[in-house]
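Here are some friendly notes to read with the structure open beside you. Take the points one by one and find each residue as you go.

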Amino acid sequence: MQLPRWWELGDPCAWTGQGRGTRRMSPATTGTFLLTGEISNDPITFNTNLMGYPDRPGWLRYIQRTPYSDGVLYGSPTAENVGKPTIIEITAYNRRTFETARHNLIINIMSAEDFPLPYQAEFFIKNMNVEEMLASEVLGDFLGAVKNVWQPERLNAINITSALDRGGRVPLPINDLKEGVYVMVGADVPFSSCLREVENPQNQLRCSQEMEPVITCDKKFRTQFYIDWCKISLVDKTKQVSTYQEVIRGEGILPDGGEYKPPSDSLKSRDYYTDFLITLAVPSAVALVLFLVLAYIMCCRREGVEKRNMQTPDIQLVHHSAIQKSTKELRDMSKNREIAWPLSTLPVFHPVTGEIIPPLHTDNYDSTNMPLMQTQQNLPHQTQIPQQQTTGKWYP
């Protein structure tokens with residue numbers, strides 16, 4: 001497949017070419033593959049996955065900060081992947097022209113037993129991001145600095161991991177802070193005295209107090225790389241003892257009983273009638289006792305309540321009588337009050353004759369029994385309004 005003009009496959013950092021789209025690597029090295037779109041400066045994003053699967057292998061990582069930055073595919077395979085070709089599908093999306101392109105990257109993993117690296121040191125670089133460290137010139141400068149300190153015959157980068165993959169925090173966007181990156185290198189000679197200085201008690205004490213240890217060879221790295229010497233890890237695989245232990249049978253280990261033999265189908269029948277009665281009878285008896293106790297309390301202990309209920313009607317009659325008597329007294333007192341009558345009860349002029357009409361009621365009239373609204377027949381001196389009859393005649 002021919003790649004479009006806006007997509008370029010960059011040169012690998014640690015992989016060796018074996019034809020177009022094919023790379024070879026070993027478990028003892030870290031491979032980096034650059035996916036770039038710098039030819040046309042278009043926003044391009046990449047999607048990588050193992051052929052036939054939705055995601056990449058567990059040992060392979062991919063990072064791309066923005067659509068305008070390069071995508072970096074990197075990782076360190078394990079010994080289980082030796083001899084198995086890994087086909088990675090790379091799909092590129094041009095966000096400006098909406099073009100897509102796909103390319104298959106074949107990775108052949110070879111064994112690293114011919115080039116053993118038993119001495120391994122892991123450094124934590126604070127002023128670098130993982131994509132910056134994976135650049136060929138930056139990684140070459142770091143390996144050169146390590147080689148000057150270590151003086152090995154063979155030195156390779158075994159693993160490169162972002163600090164975020166180790167549980168680190170995302171740095172604040174101030175003062176150009178970096179995420180940090182872990183770089184593990186392997187060599188074929190023992191560690192130098194400079195690297196061993198981290199293990200002395202004085203430097204261990206300073207690290208426990210969150211102080212920088214005193215390392216004589218730190219100045220060889222300080223010009224470009226800020227190394228946290230308290231997080232350095234030195235691994236000597238020549239001194240590692242195998243953790244496999246032969247199992248010694250004794251207490252706590254059951255003897256071999258052979259094959260499992262399930263029980264036969266002819267099992268003895270069991271009578272569950274007694275269990276059923278016990279399960280049903282006990283709760284029923286407890287519920288019956290509680291019901292009897294409640295019935296006794298509610299029905300048989302009400303003598304005082306009944307006596308009080310018998311006295312209640314007499315008390316209510318007395319209260320009613322007192323209220324009625326008080327109401328009557330108030331009405332009698334209201335008749336004797338010398339107050340001005342309302343304007344609605346004062347004499348008014350007759351609308352037709354002009355004569356003065358006396359009040360609707362006299363002073364000794366019982367206003368308490370007067371209805372709120374009176375009919376036309378009950379009102380004296382009221383002029384009747386003529387009504388229209390069906391015959392069309394008017395009657396006064």
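1. Start with residues 276–299: this stretch is 100% helix and 0% strand, and its end C-alpha atoms lie 34 Å apart. The UniProt annotation "transmembrane region", from an unreviewed entry, covers residues 276–299. Please keep in mind that you are looking at a predicted model.

2. Next, the cysteines. How many disulfides does the structure hold? There are two. If you number the bonded cysteines in sequence order, they pair as 1-3, 2-4. Try drawing that pattern on paper before you read on.

3. Cys194 and Cys217 make up one disulfide, with 1.5 Å between their sulfur atoms. The link of Cys194 and Cys217 is left-handed, with -85° about the S-S bond. Cys194 sits in helix 3 (residues 193–196), while Cys217 is in the loop between helix 4 (201–208) and helix 5 (219–222), so the bond ties together parts that are 23 residues apart in sequence.

4. Are the two ends of that bond buried or exposed? Cys194 is buried, at a relative accessible area of 8%. Cys217 also counts as buried, with 5% relative accessibility.

5. Another disulfide joins Cys207 to Cys230, and here the S to S distance is 2.1 Å. Its ends are in distant parts of the chain: Cys207 belongs to helix 4, and Cys230 to the loop between helix 5 and strand 13 (233–236), 23 residues apart. The torsion about the S-S bond of Cys207 and Cys230 is about -85°, so this disulfide is left-handed.

6. Now check the surroundings of this pair. Cys207 is buried, with a relative accessible area of 18%; the cut-off for buried is under 20%. Cys230, in contrast, is partly exposed, at 32%.

7. Finally, look at Cys299 and Cys300. Why is there no bond between them? The closest cysteine sulfur to that of Cys299 is in Cys300, 6.1 Å away, which is too far for a bond; a disulfide needs sulfur atoms within 2.5 Å. Seen from the other side, the sulfur of Cys300 has its closest cysteine sulfur in Cys299, again at 6.1 Å and too far for a bond.

8. One last look at these two residues: Cys299 is exposed, with a relative accessible area of 59%, whereas Cys300 counts as partly exposed at 47% relative accessibility. Cys299 also falls in your starting stretch, residues 276–299, the one with 100% helix.

Conventions: Residues numbered from 1 in each chain as written. Predicted model: local features only at pLDDT ≥ 70, side-chain atom pairs only at ≥ 80, totals over all residues. Heavy atoms only, no water. UniProt positions renumbered as here; feature names shortened; annotations may be inferred. Helix = DSSP H or I, 4+ residues; strand = E, 2+ residues; numbered from the N terminus. Buried < 20%, exposed > 50% of the residue type's maximum accessible area, 1.4 Å probe, protein only.
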